[in-house]
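Student: Could you take me through a close look at one part of this predicted model, beginning with a loop and then following its surroundings outward through the packing of the helices? I would like one connected account rather than a list.

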Amino acid sequence: MIGAGAASLLAFASAAAAQSGPDLLIRHATVVDVAGGRAIADQAVAVEGDTIRAVGPDRTLSGKFKRARQVDARGKFVMPGLWDMHVHFGGGPELTEENRALLPLYVANGVTTVRDAAADLAPLVLDMRAAVAERRLLGPTIFTSGPKLEGYKPLWKGTIEVGTPAEVDAALDRLQAMKVDFVKITDNTLKPDIFLYAVGEAKRRGLKTSAHTPYALTIRKAVDAGLSSIEHVDYLIKAGSPREAEIGAAFAAGQITYGEASDAFTDSFDATYAAGVYRQLARGGVSVTPTLNMGRILAYLDREDHSKDAGLSYIGPGLRKTYDWRVERAAKATPQQVAERHKEYELSVRVLPMLVKAGIPIMAGTDAGYLNSFNYPGWGLHDELDRYVEAGLTPQQALTTATITGPRFLGRAGRYGSVSAGKAADLLILDANPLRSIKATRAINAVVLHGRLLDRAALDAMLTEAKRKAGR
Ligand SMILES: [Zn+2]
């Protein structure tokens, strides 16, 4: 299951598993309380196994854990590890090793958990989820939907095709047997009534759902049916159009194309109307993963040259090749389509703070992996957080999207989301205060992953190895 190429990482992982006892004491750190928006000075964080055992004033704790390995974090900031709530592993079985090689990129960038939002390599992802959980593989904790639900003969590979309620029931049985963490549903060829049935039935079974909603349905209707998370902010632009139902019906009747419908939602967006809808969606309990940075990359492919991106050196040749699809599609766009894409992105930037104001939980996610060009695993999450702050969120609000809302969505708030006793020892040690500037999340001095300290030298070694594997 673990390829020869991963041998060095495997050695790392077994070394970690061999340790036990109160292993690590991070001393004189400033602890970042994301929920409270506070930085608490001169704290010690005691780590045992993969769990935080105690957090408190350094002078009180340091005497208690004398045998632990001591790390001096004077002048440094300790915060929970970052969660990327929308990633993909895909591109076909021949890209298995290249996909596996993405895991260290997340870790080296402080992303200690990822939510896989389905692609065509579900068996690999399920294997990696188990291998990371059992500490046989060094990587972020993985939550996965397994294969997604789609209609018959969709554009996407590796899906479970459903067209009747009985097929949905059977698909959910299969997914539950795989112990998936949530259910992903997309709308390429899925019939709207089957979409609603799948959302409702998944909810009845206690499964969270994440979706691309069919245009024929209003977002309100999908949320009323029980949808748990909406992927991509453009669906919130759609929800903010007073003409949402009418444009969706025209698309469903074949009178307009998908692209025309999308443009019509953007052009008819009304901020006052949207604010009301967002409050209703918040009451419906839905979360949103905006993937704002991906939207920005795609919108500006016409004017930004990515061929010299530093991130490219860490991506294998097969995955790099999958980027061409988006680039080629973008190159075919007419000037009018390009202008419309810019307009849509600019509107997305306005919509994000409206969602926060309405009380909708925002989950930071990148859409990184394959196909989605120039959105680099690990680095992409920091870019995403930059976009949020540019859009008007405070650094604290941005950090919340990457540390608190994800665990809450997946029912893991008891284990993640703060630097406190009993929580997972997935931590970042930063050189600067992320509550002051979001750029500080990039100033990574060390990562604690499942209780194991990876200092800057170890992180750099992982990156060098990743570059070598990618053939650069
Ligand atoms: Zn995606």
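Tutor: D302 sits in the loop between α13 and α14, the latter spanning 317-322. With a relative accessibility of 41%, D302 counts as partly exposed, because the value falls between the limits of 20% and 50%. Leaving out residues up to four places away in sequence, D302 touches V338 and H342. Its C-alpha atom is separated by 28 Å from that of M363, and these two residues are 61 apart along the chain.

H342 leads on to a helix pair, since H342 is also one of the α16 residues that make the contact with α13. The axes of α13 (residues 292-299) and α16 come within 9 Å and cross at roughly 160°; the two helices are therefore roughly antiparallel to each other, an angle over 145 degrees being what this description requires. The crossing of α13 and α16 is left-handed. On the α13 side the contact is made by L292, G295, R296, L298 and A299, and on the α16 side by R341, H342, Y345, S348, V349 and L352. Sorted by class, the residues of this contact are six nonpolar, three polar and two charged.

Within α13 itself, N293 deserves a separate word, as this residue is found in that helix. N293 has 3% relative accessibility and so counts as buried. Setting aside residues up to four places away in sequence, N293 touches N375, G380, D383, E384 and R387. Ahead of the helix, T291 has its place in the loop between β14 (287-289) and α13. The phi angle of T291 is near 40°, a positive value in a residue other than glycine, and T291 is buried, with a relative accessible area of 6%. A comparable note applies to A118, in the loop between β7 (111-116) and α5 (122-133): A118 is not a glycine, yet its phi is positive, at about 80°. A118 is buried as well, its relative accessible area being 1%.

Returning to α16, there is a further partner to consider, namely α12 (residues 271-283), which packs against α16 at an angle of about 45° with the axes 9 Å apart. That angle makes α12 oblique to α16, and α12 passes α16 in a right-handed crossing. The residues that meet are A271, A274, A275, Y278, R279 and A282 in α12, and R350, V351, M354, L355 and A358 in α16. By class, this contact divides into nine nonpolar residues, no polar ones and two charged ones.

Y278, which takes part in the contact of α12 with α16, also brings us to the interior, for it is named with L149, L236 and L281 among the residues with the most contacts inside the largest nonpolar core, a set of 116 residues. The largest share of this core, seven residues, comes from α16 (residues 335-358). As a general background, nonpolar side chains in soluble globular proteins tend to be buried together. Elsewhere in this core, L149 is in contact with I160, V162, A171, L172, L175, V183, K184, I185, T186 and A198, leaving aside its neighbours within four places in sequence. Apart from this core lies another, of 17 residues, with I52, V71, L427 and V448 among its members.

One more helix pair completes the account, and the contacts of N293 point towards it, because G380, D383, E384 and R387, which N293 touches, carry numbers inside the range of α17, residues 379-390 by the DSSP assignment. Helix α17 packs with α18 (residues 395-403) at an angle of about 140°, their axes being 9 Å apart. The two are therefore oblique to each other, and their crossing is right-handed. In this contact L381, L385, Y388 and V389 of α17 meet P395, A398, T401 and A402 of α18. The contact of α17 with α18 has, by class, seven nonpolar residues, one polar residue and no charged residues.

How values were computed:
Residues are numbered from 1 along each chain as its sequence is written. This is a predicted model: local features need pLDDT of at least 70, side-chain atom pairs count only at pLDDT 80 or more; totals for chains, interfaces and linings use all residues. Side-chain values use heavy atoms; hydrogens and water are left out. A nonpolar core is a set of buried Ala, Val, Leu, Ile, Met, Phe, Trp, Tyr and Cys residues joined through side-chain atoms within 4.5 Å. Buried means under 20% relative accessible area, exposed over 50%, partly exposed in between (1.4 Å probe, protein chains only). Helices (H or I, at least four residues) and strands (E, at least two) are DSSP runs, numbered from the N terminus. Contact means heavy atoms within 4.5 Å. Axes are lines fitted to C-alpha atoms, for helices over the stretch in contact, and angles run from 0 to 180 degrees between N-to-C directions. Angles under 35 degrees count as roughly parallel, over 145 as roughly antiparallel, 65 to 115 as roughly perpendicular and the rest as oblique. A crossing is left-handed if the near helix is turned anticlockwise from the far one by less than a right angle, and right-handed if clockwise. Ala, Val, Leu, Ile, Met, Phe, Trp, Tyr, Cys and Pro count as nonpolar, Asp, Glu, Lys and Arg as charged, and the others, Gly among them, as polar.
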